[in-house]
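Trainee: I would like to learn how to read a single-chain model step by step. Could we start with the whole chain and then turn to local features?

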Amino acid sequence: MQDSRRQPGTGSVAVDDARAAGAVGFERGALSLGGRSAPLRVDAQRNLEHVLRAAREVFGELGYGAPMEDVARRARVGVGTVYRRFPSKDVLVRRIAEEETARLTEQARAALGQEEEPWSALSRFLRTSVASGAGRLLPPQVLRVGVDESVLPDVAHDADRVPYQRGGDGQADARVVAPRGVPAEERDDAGASELLEVVGRLVDRAREAGELRKDVTVADVLLVIATAAPALPDAVQQAAASARLLDILLEGLRSR
């Protein structure tokens, strides 16, 4: 008679073993087993979605310095569940930063494709991006375009590091988190380069039309997105504050 018990290396036992080992690709929604991609169970996929949503909220409010325990608490799962899906905090930070960068790139492409007037395209991109809150989760390298590296502190020379955007008191914190376990050749995120290229087209068009100040750079535009969405406890107050601040910043960007 054939033994009906599950054998090691098959079924859910293998899946659990691979999870415990932090299998590559698990946090992407699939598990790699013997060269094949196995879909997550429904409950595991649901937990993954909760963790990603919670990470966006927590990092958006507190910066990338927020501990994994805060993410787990917001997702209503144990911290061990978070680490099973993301073997280190750096992997989770990278995932969120990449997703938000991709979101901003799509918003920039939409503005380019749907707005004929250069200033309308640029302002639409800024308003959409600020409203989405994606700017609070931008990777730091996209905010340093054109910065003279010689004037930066030594700790900032490593562009592969992700800064703690805010401390517990709401103030900026200059400490950094180095993305351990990420190969050097993969740290130069192509997604960030794509974002800079598309936003650069928006900037060039508005500048050539004489509607944007000549000294405004791509980094300036992205800095507006990163700073025009303050994290306030009341959603209505936050939306009003963001809209008001963005109106002021847009006036500062326009040529006179």
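Trainee: Among contacts in the chain between residues at least 6 apart in sequence, what percentage join residues at least 24 apart?

Mentor: A contact means heavy atoms within 4.5 Å, and among the contacts just described 59% join residues at least 24 apart. Please keep in mind that this is a predicted model, in which local features need pLDDT of at least 70 and side-chain atom pairs count only at pLDDT 80 or more, while totals for chains, interfaces and linings use all residues. Residues are numbered from 1 along each chain as its sequence is written, and side-chain values use heavy atoms, with hydrogens and water left out.

Trainee: Which elements make up the chain, and in what order do they run?

Mentor: Helices (H or I, at least four residues) and strands (E, at least two) are DSSP runs, numbered from the N terminus. Here the chain has ten helices and four strands, arranged from the N terminus as α-β-β-α-α-α-α-α-β-β-α-α-α-α.

Trainee: How is burial to be read, and what percentage of the residues count as buried?

Mentor: Buried means under 20% relative accessible area, exposed over 50%, and partly exposed in between, with a 1.4 Å probe and protein chains only. By that rule, 40% of the 256 residues of the chain are buried.

Trainee: What is the phi of R76, and where is R76 found?

Mentor: Most residues other than glycine have a negative phi. R76, although not a glycine, has a positive phi of about 60 degrees; R76 lies in the loop between α3 (68-75) and α4 (79-85) and is exposed, with a relative accessible area of 79%.

Trainee: How many residues does helix α6 have, and what span does it reach?

Mentor: The expected span of a helix is 1.5 Å times one less than its number of residues. Helix α6 (residues 118-132) has 15 residues and reaches 21 Å from its first C-alpha to its last, close to the 21 Å expected at 1.5 Å a residue. Its buried residues include W119, F125 and L126, and α6 is followed by G133, whose phi is positive, near 75 degrees.

Trainee: Which element gives the largest share of the lining of the second largest pocket?

Mentor: That share, six residues, comes from α10. By class, the lining has twelve nonpolar (Ala, Val, Leu, Ile, Met, Phe, Trp, Tyr, Cys and Pro), five polar (the others, Gly among them) and seven charged residues (Asp, Glu, Lys and Arg). On a 1 Å grid over the protein atoms alone, a pocket is an open set of points where a 1.4 Å probe fits, with protein on both sides within 12 Å along at least five of seven lines, and lining residues have an atom within 4 Å of a point.
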